[in-house]
Amino acid sequence: MSDLLLKAGVPLIYLGFLSLTAIALFLAKWVKARGSLKLQASQLSPLGSLYTLTTAFLLSNVIFQFTNLRNAVTHEVVTVNKLVAVMSVLQPEQRIESRRLLYTYADKVAHTEVDDMLHGESSEEARDSLERLRDFLASSNAIQPKGQMITPESANYIRKASDFCFDLIDSRERRLSLSKQEFQIRLTFAIALMYFALALMVFLVNSGSWTLTWAAIVLLLSAPVPVILLFVYSNPIAHNLINITSTFESIMERIQ
């Protein structure tokens, strides 16, 4: 998604709904000028309920994806912490090297990949640093030498290190796949269409310039909110609903 759309998305949404409101008001006045209508205010209730249910259903899908992304980031953080704990059984030189590689990966995610994710891409530097960590953990340099005191943690080191490393790779791929920044055009169109029908009905059943003015104000203050939430939850990283930079910076502090 372009930076312009991310920054100007909310004003553009309000501009779009303002245009829909103006069109609905013009159409209602045009219809009224050509004959009397037998519409009742009670007909607004089912239409308003339908608008509410439709927006709630569409938003639930986006929020579910947001929740999955947050869970993926949490799982990635937990996996990094597990790797730090497992690496503690290595010799000092090996432990320093493994933590350096893990620190580099966290740094690339926090300061490089987070920007690439806004455009639906991944960081080559983060991928390379993770591959170097994987290769190190798979090499003899990261295997405990024989003769060292065996502990419950060290006895299962090789299996745990391999499992946690591949878990980290899987968590990163899941985070990247869930963080694709998109503007939900079809869902936005559905909500906008429902809003236009609701606004048209409001203007048709009411009369008087003062009443229509307040009706338009109430509609513009409340009805665009679902699309704004849809836009924000579709781009949680850009709108700081999930702050990956601060999350991985806190990990870097623990690795040091």
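This is a tutorial dialogue on reading helix packing, burial and contacts in a predicted model.

Me: Before going into detail, how many helices and strands does the protein chain have?
Reply: A sensible opening step is to list the elements in order. Here the protein chain has 10 helices and 0 strands, and from the N terminus on the elements run α-α-α-α-α-α-α-α-α-α. Because the model is predicted, what follows is a reading of computed coordinates.

Me: What share of the residues of the protein chain count as buried, and what share of the contacts joins residues 24 or more positions apart?
Reply: The first value describes accessibility and the second describes separation along the chain. Of the 256 residues of the protein chain, 39% count as buried. Among the contacts with a separation of 6 or more, 84% come from residues 24 or more positions apart.

Me: How do I read a pair of helices, and at what angle do α7 and α8 cross?
Reply: The general idea is to take the angle between the two axes, where angles over 145 degrees count as roughly antiparallel. Helix α7 covers residues 185-205 and helix α8 covers residues 209-222, and their axes come within 10 Å and cross at roughly 160°. That angle makes α7 roughly antiparallel to α8, and the crossing of the two is right-handed.

Me: Which residues of α7 and α8 meet, and of what class are they?
Reply: On the α7 side they are Tyr195, Leu198, Ala199, Val202 and Phe203, and these meet Leu212, Ala215, Ala216, Leu219 and Leu220 in α8. By class, this contact has 10 nonpolar residues, with no polar and no charged ones.

Me: α7 also packs with α9, so how do their axes cross, and which residues meet there?
Reply: The axes of α7 and α9 come within 10 Å and cross at roughly 170°, which makes α7 roughly antiparallel to α9. In this contact Leu187, Thr188 and Ile191 of α7 meet Pro226, Val227 and Leu230 of α9, and the residues divide into 5 nonpolar, 1 polar and no charged.

Me: What is the make-up of the contact of α3 with α10?
Reply: The same kind of reading applies, beginning with the axes. Helix α3 (residues 92-117) and α10 have axes that come within 9 Å and cross at roughly 170°, and the two helices are therefore roughly antiparallel to each other. The α3 residues are Arg99, Leu102, Tyr103, Ala106, Asp107, Val109, Ala110, His111, Val114 and Met117, which meet Ile244, Thr245, Phe248, Glu249, Met252 and Ile255 in α10. They divide into 11 nonpolar, 2 polar and 3 charged.

Me: Turning to single residues, why does Thr79 count as buried, and what does its side chain reach?
Reply: The step of reasoning is a cut-off, since buried means under 20% relative accessible area. Thr79, in helix α2 (residues 44-87), counts as buried because its relative accessibility is 3%. Its side chain reaches the backbone oxygen of His75 at 2.7 Å. Not counting residues up to four places away in sequence, Thr79 touches Phe164, Asp167, Leu168 and Ser171.

Me: Where does Asn235 lie, and what does its side chain reach?
Reply: A loop residue is read in the same way as a helical one. Asn235 is placed in the loop between α9 (225-234) and α10 (244-255), and it is buried, with a relative accessible area of 0%. The side chain of Asn235 reaches the backbone oxygen of Phe231 at 2.6 Å.

Me: Which residues does Ala223 contact, leaving aside neighbours within four places in sequence?
Reply: Ala223 is found in the loop between α8 and α9 and is buried, with a relative accessible area of 5%. Its contacts, with those neighbours left aside, are Phe17, Tyr51 and Tyr195. Ala223 and Ile191, 32 residues apart in sequence, are 9.2 Å apart in space, C-alpha to C-alpha.

Me: How should I read the accessibility of Arg174 and Leu18, and how far apart in sequence are Leu18 and Leu220?
Reply: Values between the buried cut-off of 20% and the exposed cut-off of 50% count as partly exposed. Arg174 in helix α6 (residues 157-178) has 41% relative accessibility and so counts as partly exposed. Leaving aside its neighbours within four places in sequence, Arg174 is in contact with Asn68, Asn71 and Ala72. Leu18, placed in helix α1 (residues 3-32), is partly exposed at 44%, and Leu18 and Leu220 are 202 residues apart in sequence and 6.9 Å apart in space, C-alpha to C-alpha.

Technical notes. Residues are numbered from 1 along each chain as its sequence is written. This is a predicted model: local features need pLDDT of at least 70, side-chain atom pairs count only at pLDDT 80 or more; totals for chains, interfaces and linings use all residues. Side-chain values use heavy atoms; hydrogens and water are left out. Axes are lines fitted to C-alpha atoms, for helices over the stretch in contact, and angles run from 0 to 180 degrees between N-to-C directions. Helices (H or I, at least four residues) and strands (E, at least two) are DSSP runs, numbered from the N terminus. Angles under 35 degrees count as roughly parallel, over 145 as roughly antiparallel, 65 to 115 as roughly perpendicular and the rest as oblique. A crossing is left-handed if the near helix is turned anticlockwise from the far one by less than a right angle, and right-handed if clockwise. Contact means heavy atoms within 4.5 Å. Ala, Val, Leu, Ile, Met, Phe, Trp, Tyr, Cys and Pro count as nonpolar, Asp, Glu, Lys and Arg as charged, and the others, Gly among them, as polar. Buried means under 20% relative accessible area, exposed over 50%, partly exposed in between (1.4 Å probe, protein chains only). A polar contact is a pair of N or O atoms within 3.5 Å; within protein, one must be able to donate a hydrogen and the other to accept it, and residues adjacent in sequence count only if both atoms are side-chain atoms.
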